[in-house]
Amino acid sequence: MDVSETIADGKRCTIEMYERDPEEYRGRIQCVECKKKAWHNRAYILVKSGSERVACFGARHVEGCEASTVKHEFTDGLDGEEPEQSHDIYIDLDKAKIQSYLVSPPSDKKERSQTNWGNTKSVIEIGGNSLFPASKSLRKILSYLDRNENFGDKGQTIKIVKDSGITLIDGQLKDYLVKFEDIKREHLGKQKIFWGTINNVNIKDGTLWINYGDNRNTYEPSIKCDEEFKFDLMKNFNVSDVMDLGGSDVIIVSRLGYSTRGKPLIHATFTKYMSFRKRERVN
Ligand SMILES: [Zn+2]
């Protein structure tokens with residue numbers, strides 16, 4: 001999309017307007033047709049001389065939305081198709097390998113083929129008589145949730161252990177999964193698995209804010225990442241520009257806090273407690 005509109009009053013916002021004043025529009029725009037939240041995105045497209053970055057607006061459009069001329073899809077090979085039997089889940093964060101989060105031009109096929117997303121085994125094997133016969137990484141859970149947001153409602157249990165076997169989460173998956181838009185006061189201080197689509201990011205005084213919506217309002221959650229975490233994130237997820245995180249899905253194990261202004265805050269601690277799936281422009 002080349003044009004979006006403001007959520008508050010439906011005022012037109014073009015790419016040019018957005019780029020002239022990103023502070024004004026970040027987290028405050030939507031699709032003009034289906035009214036879904038939109039984000040500003042700079043994608044690589046193929047041109048005669050190779051590839052170049054062009055800006056557009058992305059959104060998770062309602063199906064059939066006429067404005068969805070540019071498609072943003074996951075290109076990581078995880079299709080989110082659930083196995084026939086729904087297994088319980090065990091994740092050992094200590095042993096979980098961080099998967100690569102690629103931001104590379106589509107022309108760069110060589111690099112892409114060398115990074116085989118599908119082969120990245122991120123969860124430990126639990127053998128024998130374990131209560132947790134199958135294991136899925138956070139990232140895989142995120143892919144299931146993309147396809148079916150009620151994925152956790154089948155009675156699966158989840159156990160996540162961290163350093164030296166300390167249990168972080170242990171119980172019914174449905175009791176732990178919280179979609180960004182469903183965050184409430186009652187989640188305060190509780191260890192949860194938060195997930196959803198990142199609309200935009202901003203950096204203030206060295207702190208990286210990963211925002212579900214408008215970072216200035218008091219009801220849409222943000223993930224707070226200090227400077228050190230930001231560098232870890234860029235390194236461990238292979239992110240060259242954090243601004244590219246807009247439109248990605250994220251999943252994070254953390255406790256919910258609230259800012260003094262009353263805004264829900266999820267504090268990011270270690271990159272192994274979170275994962276991303278990036279939507280890339282596919283046409
Ligand atoms: Zn739309």
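This report walks through the confidence, two sheets, a helix and one loop residue of a predicted model.

## How far to trust it

The model is predicted, and the protein chain averages a pLDDT of 82, with 83% of the residues scoring at least 70. Confidence peaks in β3, at 98, and bottoms out in helix α3 (residues 109-114), where the mean is 38. Over residues 98-136 the pLDDT stays below 50. Even so, that stretch has 70 contacts in the model beyond near neighbours in sequence.

## The sheet around β1

Start at the N-terminal end of the numbering, with strand β1 (residues 3-6). An open sheet of 3 strands runs in the order β2-β1-β3, and its pairing is antiparallel. Since β2 (12-14) and β3 (29-30) each have a single partner strand, they stand at the edges, so one side of each is left without a neighbour in the sheet.

What holds β1 and β3 together on paper? The two run antiparallel and are joined by 2 bridges. If you want a residue pair to click on, E5 has Q30 in β3 as its bridge partner.

## The sheet around β8

Another open sheet of 3 strands goes β7-β8-β9, this time with mixed pairing. Its edge strands are β7 and β9 (167-172), each pairing on one side only. On average, neighbouring strands here are turned by 5 degrees against each other, ignoring direction.

Zooming in, β7 pairs with strand β8 (residues 157-161) in the parallel sense, over 4 bridges. Within that pairing, D92 stands opposite V161 in β8.

## Helix α4 and its surroundings

Is helix α4 mostly covered or mostly uncovered? It spans residues 138-147 and is mostly covered, with 8 of its 10 residues buried. The buried set is L138, R139, K140, I141, L142, S143, Y144 and L145.

As for what they sit against, these buried residues pack against β7, β11 (191-197), β15 (249-258) and β17 (274-277). Of these, β7 is also an edge strand of the β7-β8-β9 sheet.

## L78, a loop residue next to α4

L78 is found in the loop between β6 (72-74) and β7 (89-92). Leaving aside residues up to four places away in sequence, L78 touches K140 and S143, both of which are among the buried residues of α4. Y144 is 66 residues from L78 along the chain, yet their C-alpha atoms are separated by 8.9 Å.

Why does L78 count as partly exposed? It has 19 other C-beta atoms within 10 Å, and being buried takes 20 or more, so L78 falls in the in-between class.

Conventions: Residues are numbered from 1 along each chain as its sequence is written. This is a predicted model: local features need pLDDT of at least 70, side-chain atom pairs count only at pLDDT 80 or more; totals for chains, interfaces and linings use all residues. Two strands pair if DSSP finds at least two bridges between them. pLDDT is the predictor's confidence in each residue, from 0 to 100. Two residues are in contact if their C-beta atoms, placed from the backbone, lie within 7 Å. A residue is buried if 20 or more other C-beta atoms lie within 10 Å of its own, exposed if 12 or fewer, and partly exposed in between; C-beta atoms are placed from the backbone. Axes are lines fitted to C-alpha atoms, for helices over the stretch in contact, and angles run from 0 to 180 degrees between N-to-C directions.
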